[in-house]
Amino acid sequence: MSNEKIVLEDATPDCCGSCESPSERSKFKLYSPALFSFLMLVVGLIIDNFLNTSFFDGWLRIGWYFLAYLPVGYPVLMLGIKNILKGNFFTEFFLMSIATIGAFAIGEYPEGVAVMLFYAIGELFQGSAVKNAKSNIKALLDVKPNIASVWRDDHYIQVHPEKVKVGEKIQIKSGEKIPLDGKLLSEKAELNSAALTGESKPLIVRKGETVLSGSINLNGVIDAETTKIFNESAVARIIELVQNASSRKAKTELFIRKFAKVYTPIVVICAILLTVLPYFIVDNYIFSDWLYRALIFLVVSCPCALVISVPLGYFGGLGAASKKGILFKGASYLDTITKINTLVMDKTGTVTKGVFTVQEIETNGIEKEEFLNYLVAIENKSTHPIARAIVEGTTSTQNFSVGEVQEISGKGLVGKVNSKNLLVGNASLFKQYKVDFPVSILSIVDTVVIVAIDEKYAGYVTVADELKEDAKESILQLRKYGINKIVMLSGDKDSITQKVAKELGIDIAKGGLLPEDKLKEVEELKKQLGRKVAFVGDGINDAPVLAVSDVGIAMGGLGSDVAIETADVVIQTDQLSKILTGIKIGKSTRNVVWQNIGLAFGVKAIVLTLGAIGMATMWEAVFADVGVAFLAILNAIRLQKMKWD
């Protein structure tokens with residue numbers, strides 16, 4: 001089948017679930033062709049059936065309905081002709097064309113307009129549920145640096161990163177993005193690398209270590225020497241991965257488009273046989289009579305009810321999902337999510353909250369309250385995120401005096417609190433000052449802040465990202481609902497990833513991964529026979545994997561713009577439990593759609609048979625078609641009333 005789109009004033013989407021919504025055209029322009037046709041049709045029917053007029057006849061009547069038909073019919077006719085020229089005859093465009101032209105040929109002008117109008121409305125329903133599909137990655141431009149301060153001719157000048165060569169020195173001020181991959185020349189840098197790794201914890205980089213483009217410099221002014229040209233930098237590589245992954249992801253066709261491959265040629269052949277075959281069978285064969293029956297057959301066989309019932313069913317499912325905070329970017333993903341048997345997920349921001357909190361407090365030879373008074377007093381002098389987490393996550397009952405605070409790069413704080421010497425930091429700090437501490441602390445997976453008072457070990461605090469409240473129960477319920485393999489892929493260090501995975505009962509976990517590593521892992525899973533893979537993430541680093549998975553699911557509350565743009569499904573509430581809700585809604589929607597298809601096809605078959613033997617008139621066919629469409633609408637509305645939680 002053709003994947004081309006029907007164009008109503010440049011913007012009517014097709015029904016394959018991957019439509020493009022207009023970005024610059026107004027909604028009025030999008031809907032005006034169908035609105036114009038609808039008003040013309042209604043006025044024509046009123047004049048035909050309720051007003052006793054003699055002027056509305058002949059060419060005037062034909063012209064009126066032709067004008068009503070043209071806005072919605074012309075795009076379909078053109079696509080039908082275009083596909084025929086390519087050798088692709090049996091498309092739904094072709095069937096819609098010959099059916100409506102047939103209605104005009106036998107004088108049933110309102111029917112011809114109504115059929116094409118219903119088809120256009122069905123297309124608009126589908127298009128309204130889709131906004132800026134995966135091909136739109138403009139949000140990446142917010143991360144992509146566009147200015148670099150490079151040292152040339154004894155001073156810094158600002159140029160586009162593409163004009164910077166390998167080996168040149170660049171300067172990055174506080175709050176600026178690093179424009180190119182490089183090697184740090186300054187003694188120390190504190191970077192926000194969430195755009196690349198998805199991790200909220202700032203990265204401490206020392207002289208000579210690698211800094212990646214897209215990272216944000218958090219403190220002071222730093223210098224770096226470029227090691228890669230712009231097109232080979234980390235951000236550029238992620239952009240390329242998203243584009244390539246999107247292009248490899250095939251569009252899922254809805255049932256009606258697939259069914260048309262069989263339905264359309266059968267209907268056309270039957271109509272031809274109905275016209276010609278009686279010549280050899282019946283006596284007193286009159287060509288015009290059998291042609292009339294064949295044209296009625298074509299009008300009756302027009303898939304109006306099918307075309308309406310399918311998108312309306314999906315539209316009901318999309319609406320129900322949106323009320324639950326789940327945005328599906330196309331009806332096809334409502335189908336695909338029901339077939340998922342493998343769930344791959346990021347860690348930070350997906351199963352965890354992405355916010356550091358105090359997990360454990362242990363003291364040695366000092367009361368907990370006094371221990372916290374000392375710790376909070378000195379941490380209040382630091383702006384480090386871990387220090388902030390300790391201050392906000394604990395309480396202090398005394399306002400201790402603090403002085404001579406010194407930050408030891410990458411290790412911690414040294415200072416005086418209430419005239420006592422304090423060491424607060426990691427194991428490296430304690431080794432530097434030759435202060436003993438329990439060796440067992442080194443085996444703790446979470447980030448540990450060790451405290452010594454007057455060169456004596458006083459205790460420690462662990463700080464870690466907190467699991468979301470619904471994470472554990474959600475994974476348990478997903479297993480009961482057909483997800484037989486759950487995998488965690490994270491950019492965080494492997495020990496923390498393994499700990500979280502064990503706590504949640506996840507089958508496979510891998511940490512310390514770059515975006516291309518995650519992409520490779522998911523592609524390997526997809527190669528396994530029978531695997532349908534969904535990926536859940538929230539960062540820019542997750543965008544390539546979201547694009548290549550069978551269903552990409554983004555956490556929309558805290559997620560990056562590009563992850564949300566790239567994903568097929570967006571969970572606006574950031575709750576992992578919504579994945580299961582989405583699967584349930586998908587299953588309910590699929591059931592309703594198949595009920596509508598069965599109803600439409602069953603009634604259609606009966607009326608087609610009656611029409612072929614001359615027992616059904618045109619208006620009976622119209623009544624049956626509209627009746628089926630109405631029942632399909634009522635059935636689809638049921639989705640809005642169902643409960644899935």
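**Exercise 1. Salt bridges and their surroundings**

Task: Find how many salt bridges there are, then place the pair K207 and E187.

Solution. Start with the total: the count comes to 14 salt bridges in this predicted model. Now take K207 and E187, whose closest N and O atoms are 3.9 Å apart. The cut-off is 4 Å, so this pair counts as a salt bridge. Next, look at where the partners sit: K207 is in the loop between β6 (203-206) and β7 (210-211), and E187 is in the loop between β4 (182-184) and β5 (188-192). With their positions 20 residues apart, the pair links distant parts of the chain. As a last step, check accessibility: both K207 and E187 are exposed.

**Exercise 2. A pair with D446**

Task: Which residue forms a salt bridge with D446, and is D446 buried or exposed?

Solution. The partner is K499, and the closest N and O atoms are 2.6 Å apart. D446 lies in the loop between α13 (427-432) and β16 (447-453), while K499 belongs to helix α15 (residues 494-504). The two are 53 residues apart, so they too link distant parts of the chain. For the second part, D446 has a relative accessible area of 11%. Buried means under 20%, so D446 is buried. K499, at 34%, is partly exposed.

**Exercise 3. A pair inside one helix**

Task: Where do E524 and K527 lie, and how exposed is each of them?

Solution. Begin with the helix: E524 and K527 both lie in α16 (residues 515-527). They are 3 residues apart, about one turn of the helix. Their side chains meet in a salt bridge of 3.4 Å, N to O. Now compare each residue with the cut-off, where exposed means over 50%. K527 has 64% relative accessibility, so K527 counts as exposed. E524 has 41%, and is partly exposed.

**Exercise 4. Two packed helices**

Task: Helices α14 and α19 pack against each other; work out how they are oriented and which residues meet.

Solution. Two packed helices are described by the angle between their axes and the distance between the axes. For α14 (residues 471-480) and α19 (residues 577-612), the angle is about 30 degrees and the axes are 8 Å apart. Angles under 35 degrees count as roughly parallel, so α14 and α19 are roughly parallel to each other. Then list the contact: S474, Q477 and L478 of α14 meet S577, I579, L580 and I583 of α19. Sorted by type, the residues of this contact are 4 nonpolar, 3 polar and no charged.

**Exercise 5. The sheet of 7 strands**

Task: What is the order of the open sheet of 7 strands, and which strands stand at its edges?

Solution. Reading across the sheet, the order is β10-β22-β21-β20-β11-β18-β19, with mixed pairing. The edges are β10 (326-328) and β19 (508-510). Each has a single partner strand, so one side of each is left without a neighbour in the sheet. Neighbouring strands here are turned by 15 degrees against each other on average, direction ignored. To see one pairing, look at β21 (residues 551-555) and β22 (residues 569-571), which pair in the parallel sense over 3 bridges. In this pairing A554 stands opposite V570. Finally, α15 lies across β18 (485-489) and β19, running at about 160 degrees to β19.

**Exercise 6. Antiparallel partners**

Task: Follow the pairing of β14, β15 and β16, then turn to the sheet of 3 strands.

Solution. First, β14 (residues 412-417) and β15 (residues 420-425) pair in the antiparallel sense over 6 bridges. G415 stands opposite L422 in β15. These two strands form a hairpin with 2 residues between them, and N418 in the turn has a positive phi of about 50 degrees. Next, 4 bridges join β15 to β16, and these strands run antiparallel. Here L422 has I453 as its bridge partner in β16.

Now the open sheet of 3 strands: its order is β6-β5-β8, with antiparallel pairing. Its edge strands, β6 and β8 (216-217), each pair on one side only. Between β5 and β6 there are 4 bridges, and A189 is partnered by V205 in β6.

Technical notes:
Residues numbered from 1 in each chain as written. Predicted model: local features only at pLDDT ≥ 70, side-chain atom pairs only at ≥ 80, totals over all residues. Heavy atoms only, no water. Buried < 20%, exposed > 50% of the residue type's maximum accessible area, 1.4 Å probe, protein only. Axes fitted to C-alpha atoms, helices over the stretch in contact; angles between N-to-C directions. Parallel < 35°, antiparallel > 145°, perpendicular 65-115°, else oblique. Contact = heavy atoms within 4.5 Å. Nonpolar A, V, L, I, M, F, W, Y, C, P; charged D, E, K, R; others polar. Pairing = 2+ DSSP bridges.
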